[in-house]
Amino acid sequence: MARFASNGSGRQASPAGSIVFGIVWTLFSAIFVCIGLWLTWKGVSKTSWKRVPCVIERFEIRSDQKKDPVFEADLRFRYEWEGKVYIGKELWPGNAGSNDYDKVSEIREELLSKAQRGMPEGLPSECRVDPKHPESASLLPPSGAGWFGLIFAGFGGAFMLIGVSIIRGGIRARSARSRSDQAHLAKDSPVLLAVFFGLFALVGLGFTFGVLVPTTVRWLSARSWAETPGTVIWSRVKSQRGSKGGTTYSVDLFYRYQYQGREYRSNRYGLLSSSSSGRDGKQEAVDSLPPGSTLVCYVNPRKPWQAVVKRDLGAMVLFAVFPLPFLGIGIGGLCWAIRKRRAGKLTQIASVSGGQSPHREEPIPDSPELVLTAGKSRWITFFGALFICAFWNGIVSMFVGEAWSSWMRGRPDFLLTIFLIPFVLIGSIFLVYVPYSLLLAFLARYELRLIPGTLKPGGTATLTWERAGGFGQPKSIALHLIGAEIATYAGRKKPSTSTSVFHDELLAEIPLSSIFANRPIAIKLSENAVPTLKGDSNKLVWKLRMDITLRGLPKVTDEYEIDVRPLRRDELNP
Amino acid sequence: MNPQGSITLDNAVAAFRPFDEIRGSVAWDLGSLPKSLELRLFWCTGGCGVPEAGVVQIQSLPLTSEGEATFSFSLPGAPYSVRGKLITLTWALELVANPIGSLALKEFVVGPEKQPVELPAIEQIKPSWWKAWRGNR
């Protein structure tokens, strides 16, 4: 089937180059898929370990600054497998602890609270046993290794899909050795774009729901945590070598505190476990909290083993805006790619099978009358603006609140405040635009009636109008017939669209005195008017534009697309 | 020897009206037997937009290494040949052999007046939103 299609000729790499690049890309992506699948299999295989009753003989938490992980479960549990008694020591399969103290202590505390006991010795529980190697057992199932592997494989798979599309495009371009083959080329480009933008959206969504939302929930909840005195056990600046060779630093603080008569420990300093470049700030924090010194921590009353020293987000708040460009580019790009794909399907105009085949053009249907109503597009604009405004300002407002409270506390966070200025300005523009677009939605609107509903070169039509609601006293109405070329081309970074108007005719300028008379307006198209063309990237469109000038209110412009069909055989001049 | 082909129209002027019949002859000399040989009637766009094409009709030709044949196609009613600032639309016949590719291409015009539709570029000055607001006071 031949159809409108595009190939972006002159801007593409050579077909052979594309194929080689696509193969390398696909193979490289396949490595990630394999690793992801292997991790998934590893995780899944461990979840198939059998659940067996056990008795905990010991469960303490050992801490050693020099070890990795720093906090290890000093665990010993007894279980039976096929009549034989075994001793298990692992908390998770292949893992004895964590660098987060509360991750290990939460398991211990929840076991104790379930059993309503103060000590774990002799506590009956359940463990997981490897049926093939019954000496291998863990108290808990693997923590999310399968899901991580699946996500990893999914990302690799999406990149593989891009690679396969590049190879396919290259093969098609290679076989396309004629100009008419342009019809078959690159019709997969919207799919490729959808995958590409989908990846962007996934990263944005993953960060939003994986980091941003949980941290925000924790931050909101930490505002009501109980202020409690504590004692520092150790404090140091921890350095980590980054993936790009640079060193990042974090505050490593371990402290104990009493809550409702019981002693707890925690190594959580801030709400977000993170490290960054710049040692001085961290060193300053560590110097102010030497071992043995007292501090103030905030304890979760519902889970007293959870505590934090610094419950405001500080500069970490900047991470909140990190997913915005990903979400914007991803979701915006996805919508654009889907629209492009849909437009491509709608504009199939010719059908070719093997051998001689008659032309099958989708004719523009003749309609005796076309009723054009304004208002829908105005509401779409309003709701679109409202959504963007709510999304943008919702996120920005959280951090404005954080900056505001830093000023209220007398310790203004200048970096955060300055950083937020452009975001607040953009948000303010949205805040102004939303009521403006809402006002436009309620302003005077008209219903146009075009008879006949489809125009043709050299043809005539009659246009009438009728007030369809809205408020505002019109001062004058101007009606234009517009013809425009719209071309979409592959820009350096993103596709761009250019518009050139080839026809702008003032059909009528109706003063206040004649607005209510509703005199029909005659439209006469010239003999050499071009019919409507609805390609993917090349369009010839005709529109009626109504400019409504209102007293003391913004001017309203409504545009209505109309069709100009080609002449039929019997309509052509002899 | 390089594969060769030619397309000759019966009309002296390569300009037609919609629904006209376009007749002519094709000749080819490939040096070897092709897997497929066909004459395609199609239109394509040029200009600054991403090129698009629509194959309207295909006439299969005998699978011989050399030969001649006549052809006759009925043109459809649209699209018209267009020459605009951003978009041009051209009609053409192309002789294509597989696996060689294009052997010959003949462009022609389709329009009610046997002329491409010329689309002038009109300068449009859009009033700013501020002027739109202020203009009504």
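What is the mean pLDDT of chain B, and what share of its residues reach 70 or more? Colour chain B by pLDDT (the predictor's confidence in each residue, from 0 to 100): the mean is 88, and 89% of residues reach 70 or more.

Before you go on, note that this is a predicted model, where local features need pLDDT of at least 70, side-chain atom pairs count only at pLDDT 80 or more, and totals for chains, interfaces and linings use all residues. Residues are numbered from 1 along each chain as its sequence is written, chains are lettered from A and ligands numbered from 1 in the order in which they are written, and side-chain values use heavy atoms, with hydrogens and water left out.

Next, select residues 129–134 of chain B: this is helix H1, where the chain's confidence is lowest, at a mean of 57. Strand S7, residues 82–83, has the highest, at 95. Helices (H or I, at least four residues) and strands (E, at least two) are DSSP runs, numbered from the N terminus.

Now go to B:Ala92 in strand S8, residues 87–98. B:Ala92 is buried, with a relative accessible area of 1% (buried means under 20%, with a 1.4 Å probe and protein chains only). Show its contacts (heavy atoms within 4.5 Å): beyond four places in sequence, B:Ala92 touches residues including B:Arg40, B:Phe42, B:Leu105 and B:Phe108.

Finally, pick A:Leu544 and B:Leu93, which touch the most other members of the largest nonpolar core, 72 residues in all. Such a core is a set of buried Ala, Val, Leu, Ile, Met, Phe, Trp, Tyr and Cys residues joined through side-chain atoms within 4.5 Å.

Terms used
Buried means under 20% relative accessible area, exposed over 50%, partly exposed in between (1.4 Å probe, protein chains only).
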